[in-house]
Amino acid sequence: MKVYVNYNNKKWQKFHIDFEKIANAVVGKKYKDAEVSITLVDDEEIHALNKMYRDIDKPTNVLSFELGDDILLGDIYISLDTVMREAKDAGISVEEHTAHMVVHGMFHLLGYDHLTDAQAKVMEGKEIIVLKKLGIKNPYQDDNVVKFQWWKYALCALFGGVSVFGYAPFNMWWITCLSVGGAYWLLCSDNVRVPFWRAWLRAVPFGTMYAISMFWWMLNSIYVVPELTKQFAIWTVPAIIGIGIFGALLFTIPFVLTSCIRIKSGVKPILFSAAWVCVLWLREWFCTGFPWNPVANIMLPFPIVSNSMSLFGAFGLSFIIVGLIAVIVQIVKNRRSKVNWFVFLFFVILLSVGCIAGYRNISESKYGDNSINVRVVQPVTSQTAKMALSRVDALNQAKNRVETLIQLAGNTDNIDLIVYPETSYPFFLRQDDFMPIAKELKIPVIIGAQVYDNGNMYNSMVMADRDGNIVDIYNKSHLVPFGEYGPIKLIPSPANLTSGNGKRIISGRFGDKMFAFAPAVCYEIIFSDAVVPNEYVNAIINITNDTWFGKTPGTYQHLSMVRRAAIESGVPVIRANYSGISAFVRADGKIISWMPISKIGYLDGTVYGEHMTVYRLLGRDLWFVIILFVAFIGGWFAYKIDRRV
C-alpha cells in the first residue's frame with residue numbers, strides 16, 4: 001500500500017517515523033494496491049477541520065476521512081500539539097503515540113468505530129494486536145496510558161484528610177470543594193478507562209483519609225471514663241484501621257465508577273455525583289451509624305442554599321454540589337466543550353429550583369402561633385462522676401443527681417414542659433414506675449433514662465405528667481454500633497441494648513395547649529427519614545449526651561445534623577444535650593438560642609412554624625430514586641450532545 005505523507009507543520013520532521021510501515025501493518029497484503037494520505041498538522045489546523053466537518057469546536061489528536069473505496073482508502077490528519085501533550089501525560093514517546101494514532105486512524109478508514117462499548121472492544125483489540133507486532137505496548141493498559149506517580153497518591157490522601165474542614169466547627173466550605181475537585185481531577189478527569197482494581201487502588205488514599213478525618217472523634221469515647229479506657233484502649237488502633245477500611249470500600253465508589261466505566265467525559269460529572277448520592281444512601285440505609293456529614297452540610301452557612309433540602313433533601317443538594325465541583329474541573333480542563341457547559345447549566349438549574357424552594361421554606365418557618373414554653377436543662381455531669389465503685393456509693397450518687405436535676409430546673413413559673421437530656425435519670429425505670437422529679441417540680445417532664453421491660457434494656461425517652469406518673473415511653477430505635485450493641489461478636493460493646501419500634505408521635509396537654517412532638521434519642525435524628533411521620537407535629541424533641549465526644553468536631557457536627565433534620569422535615573427542634581450543645585432550632589435550620597459545651601444551667605424557648613415539606617412528604621427512598629432518574633435524564637442528554645460533538 002502506498003502512503004503519502006504531507007508535512008503541513010514542519011516540526012513533525014524532527015521525528016523519525018516510518019508511516020508507511022505502520023499503515024501497512026494494519027492492512028497487510030489485502031490492500032497492497034491501495035493508497036492512503038497522512039497529513040501532519042498542528043492544533044490550529046485540526047481544530048478548524050474538527051469544527052468544519054464534525055461541528056466540534058476543539059482540537060483533537062487524529063481525524064480520519066473514509067472515502068469508501070478499496071483503492072483510495074481516505075485521509076488521516078494528526079496534530080503534533082495534541083499528540084505531544086498526550087504522550088507527556090502517558091509517559092511515552094511522541095513516536096510511540098503517533099504510531100498508535102496512525103493505527104487508530106487506519107482502522108477508522110477500514111470501517112471500524114468506537115461509538116459503543118462493543119464497537120470499542122473490537123477496534124481496540126485489533127489495534128493492540130497491530131501495535132504488538134510493531135513492538136509497542138498496549139496503549140489501553142493503565143500502566144502505559146496514565147502513570148500515577150507516588151505524589152498523586154499522597155495528594156489524594158491529603159485531599160481526603162482536609163475535606164473535613166468544610167464542616168462544623170470549621171465551616172470552611174471551600175476546602176471541601178477544592179478537596180473533592182482535586183481528587184476528581186487526579187482520578188477521574190482524564191478521558192481514559194482505568195481497570196477496576198487499579199482505579200480502586202488509586203482512590204484508596206482519598207477514601208481512607210476521608211473516613212478517618214470524619215469519624216476519628218468517635219474513639220474519644222474510649223478515653224472519657226478510666227474504667228472503660230482500661231478495657232477498650234487496646235481497640236483504638238484496630239478501630240482506626242477499621243474506619244480506614246470502611247472509607248476505602250465506600251468513599252472510593254464514585255471515583256472508581258467514574259474512572260473505570262467507559263463514558264464520555266461530558267457525562268462523567270453526572271455519573272460521579274449520582275454515585276456519590278448512592279454512597280450517601282448506602283450509609284444511611286445499610287451502614288447504620290455512619291450517615292454523617294453529607295456534602296450538603298457544608299452549605300449550612302448559606303440559608304437559601306441549605307434550605308433547598310426542604311425540597312430534595314441532603315441527597316439532592318449533595319448531588320448538585322458534587323456535580324458542580326466535577327463539571328467545573330472538566331470546564332477548567334476544556335472550557336471550549338459544549339457538553340461541559342450544558343452539564344454546568346443542568347446543575348445550575350437544579351440549584352436554582354432548590355433555592356426557590358429554600359426561600360419559601362425560610363418564609364414558612366418564621367411565622368406561627370407561639371407554642372408551649374419549654375425549658376431545656378443541661379446538667380454537665382462528667383461520665384466519670386457518674387461511675388461508682390460500690391453499690392452504696394452508686395445509690396448515694398444517684399439520689400444526689402436527682403436532687404441536682406431538680407435544683408437545676410430553677411423557678412418553673414410560666415414553664416409548660418421541662419426537657420432533660422439522654423440518660424439523665426440515674427435509676428432504671430419500668431412502665432409503671434414513678435418520676436419524682438416531675439412531682440417535685442409540679443410540671444410535666446421529659447427525661448432520658450434506661451428502661452427495663454420484659455427482660456430487655458432500652459435507651460429511652462420518658463414522659464411524666466405533673467403528678468409524676470409515667471404517661472409515655474419512647475425506646476430508641478437506631479442504636480450506636482459498638483457502643484449500645486455489638487454488631488460483631490468478637491469486638492466487645494459497653495452495652496447490649498434492645499432497639500425500639502421506630503418513629504412515632506407523642507402528644508399531650510402542657511399548660512393550656514395540646515402539643516405533639518416526634519421523639520428522637522441521641523443520633524437517631526441524623527437519619528433523614530427516621531424521626532418524623534407524615535403527620536401534624538409541633539416539634540422534634542431530641543435528647544442526647546455528647547459528653548463522650550467532648551469538644552471534638554463530632555459534637556458540633558451533631559448539631560449540624562440536627563439543623564439538617566429541621567430543614568428536611570420542616571419541623572423545629574428542641575434539643576437537650578447533657579454536656580452541650582443544647583439548642584432551639586427553627587424549621588429552616590436557624591439556631592434560635594443555644595448553650596455552649598460545658599455550661600451548666602437551663603435554656604428557655606418556644607417553637608413554631610412547623611409545616612410540611614416536599615422532602616418529608618415523598619420520603620428519603622423515593623427522593624433517592626427521583627435523583628437517580630434526573631441524573632439519568634441529564635446524563636442521556638449530555639451523552640447525545642457529546643456524541644454529536
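**Exercise 1. Determine how Arg 564 and Glu 568 are placed and paired.**

Solution. Arg 564 is buried, since its relative accessible area is 2%; buried means under 20% relative accessible area, exposed over 50%, and partly exposed in between (1.4 Å probe, protein chains only). The structure is a predicted model, in which local features need pLDDT of at least 70 and side-chain atom pairs count only at pLDDT 80 or more, while totals for chains, interfaces and linings use all residues. Residues are numbered from 1 along each chain as its sequence is written, and side-chain values use heavy atoms, with hydrogens and water left out.

Next, consider the partner. Glu 568 also counts as buried, at 2% relative accessibility. Arg 564 and Glu 568 form a salt bridge, with 3.3 Å between the closest N and O atoms. The term requires a side-chain nitrogen of Lys or Arg within 4 Å of a carboxyl oxygen of Asp or Glu. Finally, both residues belong to helix H20, where they lie 4 residues apart, about one turn of the helix. Helices (H or I, at least four residues) and strands (E, at least two) are DSSP runs, numbered from the N terminus.

**Exercise 2. Describe two further salt bridges and the exposure of their residues.**

Solution. Side chains of opposite charge can pair when their charged atoms come close. By the rule stated above, the count comes to 11 salt bridges.

- Glu 364 and Arg 360 meet through their side chains at 3.3 Å, N to O. These residues are 4 apart in helix H16 (residues 338-365), so about one helical turn separates them. Glu 364 is partly exposed at 28%, whereas Arg 360 is exposed at 53%.
- Asp 621 forms a salt bridge with Arg 620, the closest N and O atoms being 2.9 Å apart. Asp 621 is partly exposed at 33%, but Arg 620 is buried at 10%.

**Exercise 3. Which strands form the open sheet, and which of them stand at the edges?**

Solution. The sheet has 6 strands in the order E10-E11-E12-E13-E14-E15, with mixed pairing. Two strands pair if DSSP finds at least two bridges between them. Strands E10 (506-510) and E15 (591-595) stand at the edges; each has a single partner strand, so one side of each is left without a neighbour in the sheet. Neighbouring strands are turned by 20° against each other on average, direction ignored.

Now examine one pair. Strand E11 (residues 513-521) and strand E12 (residues 539-544) run parallel and are joined by 5 bridges. Ala 518 has Ile 540 in E12 as its bridge partner.

Last, add the helix. Helix H20 (residues 553-569) packs on the sheet and touches E12, strand E13 (573-577), strand E14 (582-585) and E15. Its direction makes about 160° with that of E13. Axes are lines fitted to C-alpha atoms, for helices over the stretch in contact, and angles run from 0 to 180 degrees between N-to-C directions. Contact means heavy atoms within 4.5 Å.

**Exercise 4. Is Leu 429 buried or exposed, and which residues does it touch?**

Solution. Leu 429 lies in the loop between strand E6 (417-419) and helix H19 (436-441). Its relative accessibility of 3% counts as buried. Leaving aside residues up to four places away in sequence, Leu 429 touches Phe 434, Met 435, Ala 449, Gln 450, Val 451, Tyr 452, Val 462 and Ile 470. The C-alpha atoms of Leu 429 and Met 457, 28 residues apart along the chain, are separated by 9.7 Å.
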